[in-house]
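Colleague: Please take a close look at one part of this model, the space taken by the ligand, and describe what surrounds it.

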Amino acid sequence: MSRAKSAILYTVRMSFPISRMRRLRRTESLRALVRETHLAPENLILPLFVCPGEGVRREVTSMPGVFNTSIDELLKDAREAHSLGLGGVMLFGIPSAKDERGSEACSEQGIVQQALRAIKREVPQLVTIADVCLCEYTSHGHCGVVEKSASGEFEVKNDETLELLARSAVTFGEAGADIVAPSDMMDGRVAAIRDALDDAGLESTPILSYAAKFASAFYGPFRDAAGSAPQFGDRRSYQMDGANLREALREIELDIEEGADMIMVKPAMPYLDVIAAARATFELPLAAYQVSGEYAMIHAAARNGWIDLERAMMESLVSIRRAGASMILTYFARDAARKLG
Ligand code: PBG
């Protein structure tokens with residue numbers, strides 16, 4: 001080491017003793033004073049699964065504390081979400097019948113459309129977001145219209161799907177959704193939905209685009225909850241390859257050009273770098289989705305006594321905020337809001 005360098009090190013050591021970084025960690029009040037990242041209930045959006053029937057509250061096996069509920073029960077959750085000060089709820093539907101083209105996604109009498117009307121009647125101030133996708137409604141479980149060849153190969157048809165997604169979004173907007181959120185990953189869907197909403201007089205309905213949605217193993221438990229696992233093949237021809245950051249930025253850029261009002265990265269924890277890059281690159285409100293598998297993992301480890309549930313929950317949510325997400329969609333929304341409250 002040069003003499004000059006060792007002299008500098010010596011001076012630094014003398015003027016900053018060993019406790020330099022620890023001084024501000026000494027008490028919780030000091031830690032709170034210098035904390036850089038904050039979580040609030042209004043940053044959190046609770047996903048809810050609505051199904052037909054009455055008095056139904058069925059727990060999803062792989063997601064403790066998450067339920068399929070009929071509309072009467074859903075309203076209880078909606079009231080609670082509102083009283084906890086959550087930013088909103090995201091609605092997913094479990095239809096009474098599925099078919100090749102996911103017809104119930106576009107029906108005024110669809111389960112989510114009914115649920116939206118009920119929430120708007122009973123808890124009008126609660127922000128409602130409708131997930132726009134066909135996979136919960138199609139018999140084959142893919143997010144769009146599928147064409148199968150005789151040899152068994154299949155293709156999810158982009159442009160045929162756009163028309164159905166746009167129709168679905170309009171029925172959600174008409175039923176009172178405050179925001180529509182396309183999660184299918186077809187090309188051009190934001191523009192198609194924007195046009196259709198405007199034509200229907202729904203110019204003030206914003207679009208939250210699942211702009212960078214990766215083909216992920218972490219969606220497993222959701223597909224249990226929504227009964228939406230693909231019956232054949234997988235989603236890799238439309239959802240993104242988990243290896244690609246630059247492509248994610250391109251996806252987001254295109255959605256913004258097409259008229260997205262808010263953008264989302266999904267999943268959250270395995271893609272914190274994508275969230276950070278999106279935050280640094282774009283000005284729109286940015287959401288991140290802490291998906292079913294992220295939630296299930298934390299619960300499973302906690303059930304085994306391997307990690308502390310509450311601490312892991314809060315740490316995971318803070319990490320997503322720190323990466324740059326303004327809003328977090330999370331199945332922990334209620335528990336976290338209670339803890340923050
Ligand atoms: C619908 C949709 C999915 C999720 C949100 N919207 C499933 C999928 O793409 O398979 C996943 C959410 C979660 O795992 O919590 N396309």
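Modeller: What follows covers the cavity first and then the ligand. This is a predicted model, in which local features need pLDDT of at least 70 and side-chain atom pairs count only at pLDDT 80 or more, while totals for chains, interfaces and linings use all residues. Residues are numbered from 1 along each chain as its sequence is written, and side-chain values use heavy atoms, with hydrogens and water left out.

The structure holds one cavity of 30 Å³ or more. A cavity here is a set of points, on a 1 Å grid over the protein atoms alone, where a 1.4 Å probe fits but cannot get out; its volume is the space filled by probe spheres set on the points. The volume of the largest cavity is about 130 Å³. Its lining (residues with an atom within 4 Å of a point) comprises 17 residues, with Cys135, Lys213, Tyr219, Phe222 and Lys266 nearest the centre. Eight of the lining residues are nonpolar, three polar and six charged.

The ligand takes up this largest cavity, in that more than half of its atoms lie within 2 Å of the grid points. Around the ligand are 19 residues, and Lys213, Arg223, Lys266, Ser292 and Tyr331 come nearest; a residue counts if one of its heavy atoms lies within 4 Å. This shell has ten nonpolar, three polar and six charged residues.

Polar side-chain atoms of Lys213 and Ser292 each lie 2.7 Å from an oxygen atom of the ligand. For Ser183, a side-chain N or O atom is 3.3 Å from a ligand nitrogen. Taken alone the ligand exposes 400 Å² (Shrake-Rupley method, 1.4 Å probe), and the protein buries 100% of that.

Technical notes: On a 1 Å grid over the protein atoms alone, a cavity is a set of points where a 1.4 Å probe fits but cannot get out, and a pocket is an open set with protein on both sides within 12 Å along at least five of seven lines; lining residues have an atom within 4 Å of a point. Ala, Val, Leu, Ile, Met, Phe, Trp, Tyr, Cys and Pro count as nonpolar, Asp, Glu, Lys and Arg as charged, and the others, Gly among them, as polar. A polar contact is a pair of N or O atoms within 3.5 Å; within protein, one must be able to donate a hydrogen and the other to accept it, and residues adjacent in sequence count only if both atoms are side-chain atoms.
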